[in-house]
Amino acid sequence: MQEAITITEQPVSVSVPVGYSFTLRCRAQGRTSLQYQWFCQYQSDCCLVPGGTNQDLPIIAEQTQLYTCRVNDLHRNAVFSDWVKVCPLGCGKENQEQRVEVGQPLQLQCAAMGVPAPSYQWYRNGNLLEQQKRKKLWITHTKISDSGTYLCCVSNSHGEHWTNAVDVHIGTCGSGKFFATGKIALLVGNNRYQHHPNLMAPVRDVFELRRLLEHLGFQVVSLLDLNKAEMATAVSQFLQLLGKGVYAIFYYAGHGYEHLGRNYMVPVDAPQPYAPENCISVQRILQKMQQQQTALNIILLDTCRKWYNPGLALSQVQPLEPWGNTVYGYSTSEDAEAYELQDGEFSSGIFMKYLKKHILQEKKVTHMLEDVLEDIGRDPLVTGKQVMEIKHTLKEARALTDPICPSGAAAEHWGHGQELPSRTVTFPCGARVQLRFLRLFSNLMFVCARPQPPLAHVTDPQLLLHQLAETDDVAIQRESCLDHVETLLASVYKREELDCVFQLCALQKIQTDVVLQLDLHYTQPGTKQRTCESLQTTLQKSLLRQFFSQRDDSQRAPARPGSVCPQGGLGLGTDPKGQGSLSTGSGRSLPSSSPSNFSSEPEENDESDLGELCLALNQAGLGQDRP
């Protein structure tokens, strides 16, 4: 038997802004004419809505209330619609990065508006949180494992949207106002050039800066003598590890120049004359760094900034995003040289001489660089020749000494990577020798051999390390070896640990496993005869050149699920038919979870017809400059 009254259109719950005018609808069919009456409930009180006697009920959302509609016919039959909720929401604020002490509560809220009212689902580090399906995420007692990047997916029958990500850090991060989710640095020093004068200072400057940055908690990759392709690879690997909240430093020492408003770094294989297509654009690197939503981006450029073709109009340099997190530290001013100082066996750049004096200071990074600038300005050797320049948009008092509070996502190892463990070999005579593998730079390693006591069966032992075959790798090693680097090694390790040392450099160029032969020359106690015994050891190329090896996709952070909404708050919109839908406001979108690819190709307006670089003469008391 047909029901006396059938509701054909139920009212729907809505989430709308405070003060928003909206209409609740109810439709029904019956065998006689029908009458409608709306009721509302606030807290525990349920009452009739005055004037609410039509199919449509106009309302202004002022407070959260429940509504239902009673439908009756002339025979006193009556039915009630579903109860629906009208939930007014303020504009609110987007969730900000949060720091929470272990054991304290955490609350995140997603203010979404839509018709029908949306449902919620929270995620952490891309993983669905089964119990978090409300607009408020609440964790009563936080643990370290609750750290991570949180997102909320908001959906109704018209579609879904994703909030911006919010990073949550659980732990004890000190009382400072600012902190980093990680500290990453890439240092490049080019010394030995194929078509340009060699330099002396970059090798020492990179070495000393690496040690200072590691003291500040940075994970550092330091590389020497890279060609263009290797520089592009290094930058690409560097960019892949940057993320929200990271402090990032890129330092370059070597030949360079300035052209049409851009700064260029000169790889070791760049031909004469300099041209943008053979060099690496500094501005392009900084733009890529910004795209990773880092908290602090620092470019330290220890190179000359001489102008070329200054008569041409300046080309347009794509502006950086106005995020207030960028610092440029130039070792010299525009159209000027950067100089090296002779210091015993090594040279040191003027810029690094004073940077290492101040870099550990616990102050805003721009203030620290200003101290460096003032010291360089007082140095009589470079008065009128070199003065540092600082450009920045840093709006917060962030310092290199700020603590690190990891985001909770799996950290990727940067810096020395997998260190080769020491190994002990035993010769037929019974003598034992320990082999240690010491990296001074990420692409330069020393293999050190040292006899282990006791040596009862031999006297006057002497060790010799060398590579066996005359391969292409061996030839490259011989050409790439740097003079005086053992002096740096001796500044870190005790002299007795360095009895026998073999230098492996340009590790990024190695194509095959390295086979080393260790010769032990000794005198037999009984016969007094000199004897030689030999052993071989193999070093896998994958460990030697690991930084330049292809990254394993399985080690990358998982992609965030779904599409990402550009705005944390979801606003109300209507389609042409007047039906409700979920919509978003304007704002900046989250970066892609795919790796950042860096291209060293020249930008659109770069010119390739450049004049040849002219080297300045050495000045009294000064070493070679860095054009």
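In the predicted model, helix α7, which spans residues 485-492, lies across the strands β31, β32 (444-452) and β34. The helix runs at about 105° to β31. The three strands crossed by α7 belong to an open sheet of four strands with the order β30-β31-β32-β34, in which the pairing is antiparallel. At the edges of this sheet stand β30 (423-426) and β34 (500-505), each of which pairs on one side only. On average, and with direction ignored, neighbouring strands of the sheet are turned by 25° against each other. Strands of a sheet pair through backbone hydrogen bonds, in either a parallel or an antiparallel manner. Between β30 and β31 (residues 432-441), the antiparallel pairing extends over four bridges. Within this pairing, Arg423 stands opposite Leu435 of β31.

A second open sheet is formed by three strands in the order β22-β23-β24, again with antiparallel pairing. Its edge strands are β22 (256-259) and β24, and each of them pairs on one side only. The antiparallel contact of β23 with β24 comprises two bridges, and Met265 stands opposite Ile280 in β24. The loop between β23 (262-265) and β24 (280-281) contains Pro273. This proline is joined to Gln272 by a cis peptide bond, for which omega is about -10°.

Strands β35 (residues 514-523) and β36 (residues 530-539) pair in the antiparallel sense over 10 bridges. One of the facing positions is that of Leu516, which stands opposite Thr537 in β36. The two strands, β35 and β36, form a hairpin with six residues between them. In the turn of this hairpin, Lys528 has a positive phi of about 65°. A positive phi, near 65°, also occurs at Arg76, a residue other than glycine. Arg76 is located in the loop between β8 (65-73) and β9 (78-80).

The interior of the model was examined for enclosed space. The count comes to one cavity of 30 Å³ or more, and the space in the largest cavity amounts to about 40 Å³. Its lining consists of Ile249, Ile298, Leu300, Leu355, Ile359, Val365, Met368, Leu369 and Leu400. Two elements, β25 (296-302) and α5 (365-378), give two or more residues each to the lining of the largest cavity. Helix α5 gives the most, with three residues. In terms of residue class, the lining of the largest cavity divides into nine nonpolar residues, no polar residues and no charged residues.

Aromatic side chains were also considered. Seven aromatic pairs are counted in the model. Among them is the pair of Phe238 and Phe250, whose ring centres are 6.4 Å apart. The planes of these two rings make an angle of 45°, and the pair is classed as tilted. This class applies because planes under 30 degrees apart count as stacked and those over 60 as edge-to-face, with the rest counted as tilted. Phe238 lies in helix α2 (residues 228-240), whereas Phe250 lies in strand β21 (residues 246-253). The pair therefore ties together parts that are 12 residues apart in sequence.

How values were computed
Residues are numbered from 1 along each chain as its sequence is written. This is a predicted model: local features need pLDDT of at least 70, side-chain atom pairs count only at pLDDT 80 or more; totals for chains, interfaces and linings use all residues. Side-chain values use heavy atoms; hydrogens and water are left out. On a 1 Å grid over the protein atoms alone, a cavity is a set of points where a 1.4 Å probe fits but cannot get out, and a pocket is an open set with protein on both sides within 12 Å along at least five of seven lines; lining residues have an atom within 4 Å of a point. Grid points are joined across faces, edges and corners, and a volume is the space filled by probe spheres set on the points. Ala, Val, Leu, Ile, Met, Phe, Trp, Tyr, Cys and Pro count as nonpolar, Asp, Glu, Lys and Arg as charged, and the others, Gly among them, as polar. Two strands pair if DSSP finds at least two bridges between them. Axes are lines fitted to C-alpha atoms, for helices over the stretch in contact, and angles run from 0 to 180 degrees between N-to-C directions. Contact means heavy atoms within 4.5 Å. Rings of Phe, Tyr and Trp (its six-membered ring) pair if their centres lie within 6.5 Å; planes under 30 degrees apart count as stacked, over 60 as edge-to-face and the rest as tilted.
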